[in-house]
Amino acid sequence: MGITPAELSALAARITPVEETWLQAGRARQDDLTKPPGSLGELEAVGIRLCGIAAQCPPPVPSHPRVIVFAADHGVYAQGVTPWPQEVSVQMAAGIAIGFAGVSVISRAFGAEVEVFDVGLLQHAEGTTDRRIAAGTADFTQGPAMTREQALAAVSVGIEAADAAIDAGTDVLVPGEVGLSNTTPAAALTAALTGANVAEVTGRGAGADDEMLAHKVSVIQQGLETGRVAELAAQGDALGVLAAVGGFEHAAMAGLMLAAAARRVPVVLDGVVSCSAALVARAFAPSVAGYLIAGHAGVEPAITAAHEALGIRGLVDLGLRLGEGSGGALALPIVRAAALVMNEMGTFSGQGVSKA
């Protein structure tokens, strides 16, 4: 049983904007640190954002990170939008749970715990937490990918996962995902929720060639038209947009972000799928954007569109396109360093250093 629309609205209402008072306090502290103003670049912006998120300056130092991966399959796979066999979804979800996947290795490097939820794989992946809503979504070129009830159920999984992690001491979250074809609904959601042209936000995903990329664009356009998604977006019907062209993992990640923001816990985004889920979360609760940090720039064009809409900037730019939460995990030490700088660096006022 998923969260009700009324309960979702109540959760969204609990998310307050990051406080300008604390952002200003963060800026003032940055100006007092013993360095030329702006010399630490985006590290300063992250430190300031952490002050706003925590309503505290200097901010608490994130020390207990967790990567939460949501795995699901997609009916739109039938339209030939990826060259990979669909059983890879199950194999990779199990691989993350076992610990041999890219996100597993990167997370271990920085002491981040990893857990995997199966929210809609065709077959359950061994070692993952079974919270399957259905065996994959429907093909959104033929009708809605999910019912509204299914979308709400998936959102609930993300909320519950975030709350459980935070209750256990997690103080920074990275949402990850697994699911063949999931960059297709990610591009559809990004186009719908930013107003961008489909061709401008559709990338190659897991290795599409030029012909497949062009086909992918046409599939997304067909899905948006079939679901009358522009009309739903214009009406502010975030749940309708999500159900029409999203995936179970997009919904779960959006739920995680909403729950984290409601509890003033920062969320470090990964790539195109988590960024599209962030747009969904923002459509439910505009203030959620203030609690998000962009892990990496990535090569998928929808990431750039989402970052611009959310007002964030990728911390690393290494040409990443793996997904799984890997880019978010890779940015964790930068987020921690940003907080440590705010806490431990000397100040002009305290150290007696002369300003220029």
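Reader: In what kind of crossing, left-handed or right-handed, does helix 13 pass helix 14?
Author: This is a predicted model. The axes of helix 13 (residues 272–284) and helix 14 (residues 301–310) come within 9 Å and cross at roughly 35 degrees. Helix 13 passes helix 14 in a crossing that is left-handed.

Reader: Which residues of helix 14 make the contact with helix 13?
Author: Two helices supply the side of this contact each. Helix 13 brings Val272, Cys275, Ala278, Leu279 and Arg282. Helix 14 brings Ala302, Ile303, Ala306, His307, Ala309 and Leu310.

Reader: How far apart are the end C-alpha atoms of helix 9?
Author: Helix 9 covers residues 210–226, which is 17 residues. At 1.5 Å a residue, the expected span is 24 Å. The model agrees, because the end C-alpha atoms are apart by 24 Å.

Reader: Within what arc do the buried residues of helix 9 fall?
Author: The buried residues are Met212, Leu213, Lys216, Val217, Val219, Ile220, Gly223 and Leu224. Seen down the axis, they line one face of the helix, because they fall within an arc of 165 degrees.

Reader: Which residues are exposed on the other side of helix 9, and what does the buried side pack against?
Author: On the other side, Asp210, Glu211, Ala214 and Glu225 are exposed. The buried residues pack against helix 7 (183–194), helix 8 (198–201), helix 10 (229–234) and helix 11 (238–245).

Reader: Which residue caps the N-terminal end of helix 9?
Author: Look for a side-chain oxygen by the backbone nitrogen of Glu211. The two atoms lie 3.3 Å apart. The oxygen belongs to Asp209.

Reader: Is Arg66 buried or exposed?
Author: Arg66 is found in strand 1 (residues 65–72). Its relative accessible area is 13%. The cut-off for burial is under 20%. Arg66 is therefore buried.

Reader: Which side chains make polar contacts with the side chain of Arg66?
Author: Leaving aside neighbours within four places in sequence, Arg66 is in contact with several residues, among them Glu115, Ala165 and Val172. One polar contact, of 3.2 Å, is with the side chain of Glu113. Another, of 3.4 Å, is with the side chain of Thr170.

Reader: How many residues of helix 12 are buried?
Author: Helix 12 (residues 248–262) has 15 residues, and at 1.5 Å a residue they should span 21 Å. Its end C-alpha atoms are 21 Å apart, which agrees. The helix is mostly covered, and its buried residues number 15 of 15.

Reader: Which residue just after helix 12 takes a positive phi?
Author: The phi is about 55 degrees. The residue is Arg264.

Conventions: Residues are numbered from 1 along each chain as its sequence is written. This is a predicted model: local features need pLDDT of at least 70, side-chain atom pairs count only at pLDDT 80 or more; totals for chains, interfaces and linings use all residues. Side-chain values use heavy atoms; hydrogens and water are left out. Helices (H or I, at least four residues) and strands (E, at least two) are DSSP runs, numbered from the N terminus. The expected span of a helix is 1.5 Å times one less than its number of residues. Buried means under 20% relative accessible area, exposed over 50%, partly exposed in between (1.4 Å probe, protein chains only). The arc is that of the directions from the helix axis to the C-beta atoms. Contact means heavy atoms within 4.5 Å. A polar contact is a pair of N or O atoms within 3.5 Å; within protein, one must be able to donate a hydrogen and the other to accept it, and residues adjacent in sequence count only if both atoms are side-chain atoms. Axes are lines fitted to C-alpha atoms, for helices over the stretch in contact, and angles run from 0 to 180 degrees between N-to-C directions. A crossing is left-handed if the near helix is turned anticlockwise from the far one by less than a right angle, and right-handed if clockwise.
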